[in-house]
Amino acid sequence: MDEILEKEAENKKSREQKNKEEEKGFRINVTKEEFEQSFREGAFYNKQTQDQEHLRSILEFVNVAPDMKILDLGCGTGYLSFPLACANANATVVGLDIVTETLKDNEQRAKEQGITNLSFVSYDGMTFPFEDQTFDLIVSRYALHHFPDIEYSLKEISRVLKKNGRFFLSDPRPNEDDETRFVDDYMQLKKDGHIKFYTRDEWMQL
């Protein structure tokens, strides 16, 4: 009897895990479709997320050294990837994202502009397709609030980052007065894969 109950518990746990993985996969696919469309249309999404002064501040702050290998996580249209590569010709920049068609456009744009130290890689939204300790610097701007399993993604960041490597994160934070997380609920209506804006304390705990 005990063996039967134990087997049933194992099967239930397995089903629950499978359902969670399927839900993550569904979220990632929806996010991919929505962002491919947003990037194709361009103008409105760009107005929401692009800020030239902020971009300049990031480029100054990350302080790239020669021969660095840099990962731009959740790179989208390459808003950060292209300036990073252009400003640091002796470094190598790789943009990683789920938006396959957008990345193809990025590759074509880099080729047309003669930017040889920049490339783009697509992935499944979960496991990074790189060896351990590949990158000296990982940057991510306005992206991680879309990631369906943030704990796993942070483990992947740690895995592919070299010892003494650096991780730069720029992402919106919730308003301190938004105790009910109304903004998160509102953002999720857009169906672009928004998960959560994290507070500083929440990032530190992760």
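Start by selecting helix α1, residues 2-41, and find Phe35 and Phe39: both sit in this helix, four residues apart, which is about one turn of the helix. Keep in mind as you look around that this is a predicted model. Show the two side chains as sticks. The ring centres of Phe35 and Phe39 are 5.5 Å apart and the ring planes meet at 40°, so this pair is tilted. If you enjoy hunting for rings, the structure holds six aromatic pairs.

Next, colour the strands. Five of them make an open sheet, and you can walk across it in the order β3-β2-β1-β4-β5, with parallel pairing. At the edges you will find β3 (118-122) and β5, each of which pairs on one side only. From one strand to the next, the twist averages 20°.

Stay at the β3 edge for a moment and select β2, residues 92-97. Strands β2 and β3 run parallel and are joined by five bridges. For one bridge to look at, pick Asp97: its partner in β3 is Ser122.

Now bring in the helices that go with the sheet. Helix α6 (residues 150-160) packs on the sheet, where α6 touches β1 (69-73), β4 and β5. The direction of α6 makes about 135° with that of β5. Then select helix α3, residues 52-62, which lies across β4 (135-141) and β5. Relative to β5, α3 runs at about 160°.

With β4 still on screen, click on Asp136, which lies in that strand. Which residues does Asp136 contact, leaving aside neighbours within four places in sequence? Select Asp67, Met68, Lys69, Leu161, Lys162, Gly165 and Arg166, and you have the list. Add Phe167 and draw a C-alpha to C-alpha distance from Asp136: the two are 8.7 Å apart in space, with their positions 31 residues apart in sequence.

Phe167 also leads to the last stop, since this residue is among those lining the largest pocket. Select the rest of the lining too: Leu154, Leu169, Ser170, Asp171, Arg173, Arg200, Trp203, Met204 and Leu206. The elements giving two or more residues to this lining are β5 (161-170) and α8 (200-205). Colour the lining residues by character and you will see six nonpolar, one polar and three charged. The volume of this pocket is about 300 Å³.

Methods. Residues are numbered from 1 along each chain as its sequence is written. This is a predicted model: local features need pLDDT of at least 70, side-chain atom pairs count only at pLDDT 80 or more; totals for chains, interfaces and linings use all residues. Side-chain values use heavy atoms; hydrogens and water are left out. On a 1 Å grid over the protein atoms alone, a cavity is a set of points where a 1.4 Å probe fits but cannot get out, and a pocket is an open set with protein on both sides within 12 Å along at least five of seven lines; lining residues have an atom within 4 Å of a point. Grid points are joined across faces, edges and corners, and a volume is the space filled by probe spheres set on the points. Ala, Val, Leu, Ile, Met, Phe, Trp, Tyr, Cys and Pro count as nonpolar, Asp, Glu, Lys and Arg as charged, and the others, Gly among them, as polar. Two strands pair if DSSP finds at least two bridges between them. Axes are lines fitted to C-alpha atoms, for helices over the stretch in contact, and angles run from 0 to 180 degrees between N-to-C directions. Contact means heavy atoms within 4.5 Å. Rings of Phe, Tyr and Trp (its six-membered ring) pair if their centres lie within 6.5 Å; planes under 30 degrees apart count as stacked, over 60 as edge-to-face and the rest as tilted.
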